[in-house]
Amino acid sequence: MAQDFPGETRVVIIGGGIVGCSVAYHLTKIGWQDVVLLERKKLTCGTTWHAAGLVGQLRASLNLTKLAVYTTGLYSNLEQETGQATGFKQNGSLAVASNEERFEELKRGASMARLAGLEVAVITPAEARDLYPLLNIEDLVGAVFLPKDGQTNPIDTTMALAKGARMGGAKIFEDIKVTAVHRANDRVSGVETERGPIKAEYIVNCAGMWAREVGLMAGVRVPLHACEHYYILTDPMPGVPADLPTLRDPGSCAYFKEDAGKLLVGAFEPNAKPWGMDGIPEDFCFDELPEDMDQFMPVLENAMHRVPALQEVGLRKFFCGPESFTPDVTYYLGEAPEVKNFFVAAGFNSIGIQSAGGGGKVIAEWIAEGHPPMDLADVDIRRVMPFQNNSQYLRERVSESLGLLYAMHWPYHQCETSRGVRTSPLHDRLAARGACFGAVAGWERANWFAPEGVEPKYEYSYKRQNWFPYAAAEHKAVREAVGLFDLTSFSKFLVQGPDAEAAMQRICTNDVAVAPGKVIYTQWLNDRGGIESDLTVTRLSEDNYMVVTAGASATRDWAWLQRNIPDDARCQLTDVTSGLAVLSVMGPESRALLSRVTGADLSNEAFPFGTAQQIEIGYAPLQALRVTYVGELGWELYVPSEFACGVFDTIMAEGEDFGLKLAGMHVLDSCRMEKAFRHWGHDITDEDTPLEAGLGFACRFDKNVPFIGRDALLRQKERGLTRRLTQFALEDPEPLLYHNEPVYRDGEIVGYLTSGNYGHHLGRAIGLGYVSHPDGVDADFVKSGSYEIEIACERVPAQASLRPLYDPKGERVKA
Ligand SMILES: Cc1cc2nc3c(=O)[nH]c(=O)nc-3n(C[C@H](O)[C@H](O)[C@H](O)COP(=O)(O)OP(=O)(O)OC[C@H]3O[C@@H](n4cnc5c(N)ncnc54)[C@H](O)[C@@H]3O)c2cc1C
């Protein structure tokens with residue numbers, strides 16, 4: 001039926017792949033009918049039409065797993081709801097391991113699956129063959145079976161979502177390209193199309209591999225790049241019944257799917273081939289790319305080993321199509337930090353079919369409610385750093401991204417491509433002293449230091465990795481002598497102007513109306529009381545605050561400040577990250593060491609904890625902050641970048657007398673875990689409140705300006721808490737914790753670890769995680785339970801504590 005082309009609507013969705021159709025469907029489900037979807041050619045003609053259609057449910061985090069579980073439920077009912085067949089079936093999926101480390105990875109995943117309520121079975125190779133008779137099990141050590149995983153027909157499923165959206169009132173137009181995005185001040189106002197303009201309150205960029213280009217129309221960065229992605233389809237094969245589970249053999253970089261009596265074998269090869277460097281052809285529509293058997297052959301050989309029957313069957317089809325990949329192999333959802341009401345749902349890294357249901361649902365809710373409906377920090381578009389839209393960076397990185405889906409997901413894994421993007425002034429000095437670097441937000445950061453004669457290179461494992469003893473020595477130095485960390489990757493913003501205090505008082509939970517020279521630890525909350533950021537604010541002068549937050553939070557926190565400082569406030573924001581290096585000198589000997597290199601009085605009386613002073617070291621003027629993230633006496637030195645090397649050399653020259661050691665980010669983390677300092681994005685997120693997180697001490701309910709989220713916290717106080725962040729220490733010193741391990745109290749699951757590391761001082765693995773109970777959780781509840789942590793499907797007894805196990809009274813910090 002012909003539809004009138006609208007001049008105005010509430011929401012314009014750009015892109016008619018499975019994701020755009022799912023967003024339209026879910027907007028109508030929550031009652032929004034004024035929705036227009038524009039597709040430049042035909043529905044599904046980009047990447048969706050040629051997907052293999054696997055619908056797995058186990059993802060890297062609990063919330064993303066919940067979204068995938070939702071997708072499965074949605075697809076299983078869609079045909080009944082819309083009358084449009086989807087081809088969805090729940091034939092289960094089997095993942096096999098050909099070595100112990102892979103098996104451990106699968107079992108750790110199975111433990112997390114249970115948290116999400118997924119049915120999962122850890123099985124033997126022989127049991128795997130019973131489920132999948134074509135399987136060669138001679139070199140397998142185990143497998144995991146998820147009976148409720150499935151597969152679907154991507155085109156039919158998209159059409160069903162589109163039909164459901166139309167039934168709910170959405171209008172879908174094909175053959176209309178969006179050519180520009182209009183903005184009015186800081187928000188979107190509509191789009192320009194080949195058929196004329198449409199005014200709109202919201203725009204959702206669901207343009208798949210075109211999303212970077214569409215983003216740029218609005219001045220929004222959506223860093224992604226297409227890669228070639230392959231599968232082959234065999235001739236009909238005996239022994240391939242319709243209910244054969246999907247088989248994933250990550251060690252072979254291959255997956256196998258039943259397809260009308262044939263086998264479809266797909267590849268996740270390392271060193272993928274980026275595609276579309278000169279732009280995507282204007283007429284691209286249901287296109288295939290030329291086959292590249294050389295690229296596919298190594299995977300096919302592995303596949304023939306795993307499923308030997310492939311050696312006997314002809315190949316009917318070689319398929320190559322483009323799919324978009326992102327630098328961290330994770331898709332983008334949410335409102336762009338650059339422009340209000342411009343939403344993104346793109347970059348699906350080969351899991352767009354299984355992610356479209358949950359992704360569409362949360363985008364619709366995010367638009368309607370004005371905030372993400374759950375903690376979605378993993379996928380939030382606000383994690384993007386501006387430099388990441390760089391085409392060379394993207395091209396090089398995505399060649400690695402694709403293979404990472406099936407590569408081992410090692411703890412502390414570091415990418416090899418697109419490295420050396422952002423370096424501290426101390427980088428070469430640290431490298432010369434054995435630093436092994438890892439990258440966060442593009443920053444190269446020393447993670448650990450190899451002693452002389454040892455190559456600074458990771459040897460990954462789920463057990464103790466090669467750097468474990470070196471980190472133990474760094475940790476000991478920080479606890480017993482002094483350690484020097486390079487924390488230059490911190491983000492540093494200045495908030496300046498006559499209205500800076502009023503603006504910051506509203507944004508910060510703590511009281512920042514303090515005398516110049518005070519350093520304040522605070523959270524920023526949303527109006528539900530959830531923690532948006534966890535940081536320090538230093539009052540440098542009456543009208544000048546320095547905000548210091550994590551490197552990875554730069555975009556998000558900057559946007560939060562921008563959006564919460566009133567438009568008419570006389571208050572200026574400046575990002576001074578590049579101008580300041582940060583040297584953190586921590587440990588009981590830090591005072592003695594620094595006193596050798598500065599004339600400033602560092603005594604408790606002259607320089608108490610939680611204060612800042614301008615001091616000199618060598619030739620350098622710098623701002624010293626007496627704070628700590630490791631739980632020791634120490635100072636963070638904010639040094640103008642051009643002076644950083646001089647300050648470093650001066651401190652190092654005196655260090656030997658005090659047992660100074662360079663220390664890396666792994667030890668920063670192991671120390672903060674012992675002291676139970678929280679880490680934003682892991683232990684505290686926008687769905688956790690300071691009261692639940694044990695950070696109520698940083699909330700000043702009585703200050704002159706009420707902070708954002710105060711009322712929600714007061715209501716929660718009234719109701720009482722049903723979850724509390726708790727520190728755990730394993731009784732057994734051997735096993736290691738990473739995160740996502742389920743926590744049992746008296747045999748019942750009560751939560752999971754939000755972070756984990758080894759406490760070298762305490763001599764066992766430490767975790768943080770919420771203990772939840774619907775009837776309330778107080779200190780007695782936490783203390784009275786008996787705890788176990790599940791690691792790779794085995795439970796290990798643990799001690800639980802609401803107070804830090806290391807230095808509970810904080811005496812060392814104030815020493
Ligand atoms: C070989 C292969 C196998 C795969 N197998 C699986 C699998 O088993 N399971 C799974 O979950 N995923 C799989 N995927 C990934 C999945 O296909 C994608 O993640 C998913 O289809 C992405 O959907 P989308 O809607 O984001 O993008 P697309 O389907 O590409 O849709 C984007 C649409 O936007 C339109 N558009 C672009 N610019 C404009 C504009 N300016 N104006 C209007 N319209 C515009 C395009 O024409 C396009 O139709 C596979 C991918 C490949 C290549």
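Let's start with Phe643. Is Phe643 buried or exposed, or somewhere in between? Phe643 is partly exposed, because its relative accessible area is 28%, and buried would need a value under 20%. Keep in mind that this is a predicted model. Phe643 sits in the loop between strand 31, residues 634–640, and helix 15, residues 644–655. Leaving aside residues up to four places away in sequence, Phe643 touches Tyr619, Ala620 and Pro621. Look also at Leu622. Phe643 and Leu622 are 21 residues apart in sequence, and their C-alpha atoms are 8.9 Å apart in space.

Now another loop residue, Thr152. It lies between strand 7, residues 150–151, and helix 5. Thr152 counts as buried, because its relative accessibility is 4%. What does Thr152 touch, not counting residues up to four places away in sequence? The list is Ala52, Gly53, Val55, Tyr75, Thr86, Gly87, Phe88, Thr157 and Ile353. Take Val55 from that list. Thr152 and Val55 are 97 residues apart in sequence, yet 6.9 Å apart in space, C-alpha to C-alpha.

That brings us to helix 5 itself, residues 154–167, and to helix 1, residues 18–29. Their axes come within 8 Å and cross at roughly 30°. Angles under 35 degrees count as roughly parallel, and helix 1 and helix 5 are therefore roughly parallel to each other. The crossing is left-handed. Who makes the contact? On helix 1, Ile18, Cys21, Ser22, Ala24, Tyr25 and Thr28. On helix 5, Pro154, Thr157, Thr158, Leu161, Ala162, Gly164 and Ala165. Sorted by class, the contact has eight nonpolar residues, five polar ones and no charged ones.

Next, strand 2, residues 35–38. In a regular strand, side chains alternate between the two faces of the sheet. Here Val35 and Leu37 point one way, Val36 and Leu38 point the other way, and all are buried. Strand 2 runs parallel to strand 1, residues 8–14, and four bridges join the two. Within that pairing, Val11 stands opposite Val35.

On to the barrel. In what order do the six strands close? The order is 33-36-35-34-37-38, and the pairing is antiparallel. On average, neighbouring strands are turned by 40° against each other, direction ignored. Two helices pack on this sheet. Helix 3, residues 100–115, touches strand 34, strand 35 and strand 37, and its direction makes about 125° with that of strand 37. Helix 16, residues 665–674, touches strand 33, strand 35 and strand 36, and its direction makes about 130° with that of strand 35.

Let's walk through part of the barrel, beginning at strand 34, residues 742–745. Four bridges join strand 34 to strand 35, residues 748–759. Three bridges join strand 34 to strand 37. Arg745 takes part on both sides. Opposite Arg745 in strand 35 stands Glu748. In strand 37, the bridge partner of Arg745 is Tyr787.

Why is strand 37, residues 787–791, largely enclosed by the rest of the structure? Because four of its five residues are buried. Five bridges join strand 37 to strand 38, residues 794–801, and the two run antiparallel. Ile791 stands opposite Glu794 in strand 38. The hairpin of these strands has two residues between them, and Ala792 takes a positive phi near 50°.

Last stop, an open sheet. Five strands form it in the order 24-25-26-23-27, with antiparallel pairing. Which strands stand at the edges? Strand 24, residues 519–525, and strand 27, residues 572–575, do. Each has a single partner strand, so one side of each is left without a neighbour in the sheet. Neighbouring strands here are turned by 30° against each other on average, direction ignored. Seven bridges join strand 24 to strand 25, residues 531–541. One facing pair is Val519 and Thr538, the latter in strand 25.

Two helices lie across this sheet as well. Helix 12, residues 500–507, lies across strand 23, strand 24, strand 25 and strand 26, running at about 35° to strand 26. Helix 13, residues 554–564, lies across strand 23, strand 24, strand 25, strand 26 and strand 27, and runs at about 10° to strand 23.

Key
Residues numbered from 1 in each chain as written. Predicted model: local features only at pLDDT ≥ 70, side-chain atom pairs only at ≥ 80, totals over all residues. Heavy atoms only, no water. Buried < 20%, exposed > 50% of the residue type's maximum accessible area, 1.4 Å probe, protein only. Pairing = 2+ DSSP bridges. Axes fitted to C-alpha atoms, helices over the stretch in contact; angles between N-to-C directions. Parallel < 35°, antiparallel > 145°, perpendicular 65-115°, else oblique. Left-handed = near helix turned anticlockwise from the far one by under 90°. Contact = heavy atoms within 4.5 Å. Nonpolar A, V, L, I, M, F, W, Y, C, P; charged D, E, K, R; others polar.
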